[in-house]
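Open the model in your viewer and keep the selection tool at hand. Let us walk through it one stop at a time.

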Amino acid sequence: MRGTTPRREQGMADPVLASMVHAIGLETAQHYTAATPKIKAYRDRWAELAKFRDGPVNPQRVEVTDPVEMAKQIKTKAIELGANMVGICRLQPHMIDLGEDVPHEYVIVACVAEDYEKVLHGANAVEEEAMRTYAKCTEIATELATYVRNLGYPALAHHNGGSAVQAIPIFYQVGFGELGRHGSLINEKYGASFRPGFVTTDLPLAEDKPREFGVQDFCMNCNVCQLNCPGDAIPKDHVITHGIKRWLIDLEKCYPYSRLRDEYCHLCVDVCPYNVKHHPETYKTFMKERKQVGYKTPKSW
Amino acid sequence: MEKLYVNEIRPNGEVSTVGLFYSPKEAEGIVKKLQELREKKSCKYEITETPPRSAAITPRREKQAQAEK
């Protein structure tokens, strides 16, 4: 199946970032050169696992008579491996990178939640947590793909070490939540503080369904991420993609804070009121600190 | 930098925004790749400097009901 959704090139391969970095006379973005040893180790981990994305398929295929049971088995395995959320859906062209060919029928997504408490320890702690989570997702996707291949079905892991699938449309389709104003998908339990790994496969599996719980309606009135964004990169108005509201982040405004500085920027996700439900005290403390330095907090705070 | 929106206009008139791009070269390159796809042959593309007007979308409850069917 051929993909139809463009993916922006990552790192210095992104022409927008490259142009901004070169305009200030640098060879690469400060964000990459200033990575801590822990961050470098996490990046090395997914690079190391990239060669295990695919592998030999067991010729003794396990017959699947009940895709519902098989889906339960796969989800249980992913949770055992360390995932916090697992979802399954049928792969569709808009879930695949433009021009990429993924010859599988299903996609399994396994997500690991970030430790939201890290927001109180500053930008580098948030960055390390994000990279730790990505590394964990890489391990889970690699192990899960191996597990599926051992059942006798082709399976390919997609993660930071190599991917041809798009996170947001898959998150939406498996019912993890809705796309928020800040451009990340919001889940009612984890907010937008989670990272994914994927496995595409032909293993017959029961599908999950989209599930909406009012995020986009809420985002239409809540502008907290927009008002807290140091680069004013989050737009007021939305567009429609595949019938769904979508706010397009202005990268030219985002990159000076997220790439052209030593420290990471994760603020749009950190200030999202959907964090309050499971981290009430941390969220209140964090937002009070921000209020003291002049940023907007949710109404009634 | 120039900001350009690529919009896909489907045969039924529905407009779906492909994305925001930062140069005519980047936007035109995306359109070219999309036009090469067999399943997109019936779609038209436009490159605009302003975001398209927000189209009406299916209410949440209705979409939920459709998904649960």
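Start by selecting E3 and E6 (residues 194–201) of chain A: these two strands pair in the antiparallel sense over four bridges. To pin down the register in this predicted model, pick Ala155(A) and look across to E6(A), where its bridge partner is Thr201(A).

Now widen the selection to the whole sheet. Four strands of chain A make up an open, antiparallel sheet in the order E1-E2-E6-E3. At its edges you will find E1 (85–90) and E3 (155–158) of chain A, each pairing on one side only. Turn the view to look along the sheet, and the twist comes to an average of 20° from one strand to the next.

Which helices lie across these strands? Add H4 (residues 67–81) of chain A, which lies across E1 and E2 (106–113) of chain A and runs at about 145° to E1(A). Then add H5(A), which lies across E2, E3 and E6 of chain A at about 20° to E6(A).

Stay with H5 (residues 123–150) of chain A and bring in H3 (residues 37–49) of chain A: the two pack at an angle of about 20°, with their axes 9 Å apart. With angles under 35 degrees counting as roughly parallel, that makes H3(A) roughly parallel to H5(A). The crossing of the two helices is left-handed. Show side chains here: among the residues that meet are Ile39(A), Tyr42(A) and Trp46(A) from H3(A), and Met131(A), Ala135(A) and Glu139(A) from H5(A). Overall, the residues of this contact divide into seven nonpolar, two polar and seven charged.

Zoom out to all of chain A, with its eleven helices and eight strands. Its radius of gyration is 20 Å, close to the 19 Å that the globule rule gives for 301 residues, so chain A is as compact as a globular protein of that length. Along the principal axes, its C-alpha trace spans about 65 × 45 × 35 Å.

Last stop: chain B. Select its open sheet of three strands, ordered E2-E1-E3 with antiparallel pairing. E2 (15–21) and E3 (44–48) of chain B stand at the edges with a single partner strand each, so one side of each has no neighbour in the sheet. Here, too, look for the twist, which averages 20° from one strand to the next. E1 (residues 4–9) of chain B pairs with E2(B) over six bridges in the antiparallel sense; click on Leu4(B) and you will see Phe21(B) of E2(B) opposite. Finish with H1 (residues 24–35) of chain B, lying across E1, E2 and E3 of chain B and running at about 170° to E3(B).

Technical notes: Residues are numbered from 1 along each chain as its sequence is written. Chains are lettered from A and ligands numbered from 1 in the order in which they are written. This is a predicted model: local features need pLDDT of at least 70, side-chain atom pairs count only at pLDDT 80 or more; totals for chains, interfaces and linings use all residues. Side-chain values use heavy atoms; hydrogens and water are left out. Axes are lines fitted to C-alpha atoms, for helices over the stretch in contact, and angles run from 0 to 180 degrees between N-to-C directions. Angles under 35 degrees count as roughly parallel, over 145 as roughly antiparallel, 65 to 115 as roughly perpendicular and the rest as oblique. A crossing is left-handed if the near helix is turned anticlockwise from the far one by less than a right angle, and right-handed if clockwise. Contact means heavy atoms within 4.5 Å. Ala, Val, Leu, Ile, Met, Phe, Trp, Tyr, Cys and Pro count as nonpolar, Asp, Glu, Lys and Arg as charged, and the others, Gly among them, as polar. Two strands pair if DSSP finds at least two bridges between them. The radius of gyration is taken over C-alpha atoms; the globule rule is 2.2 Å times the number of residues to the power 0.38.
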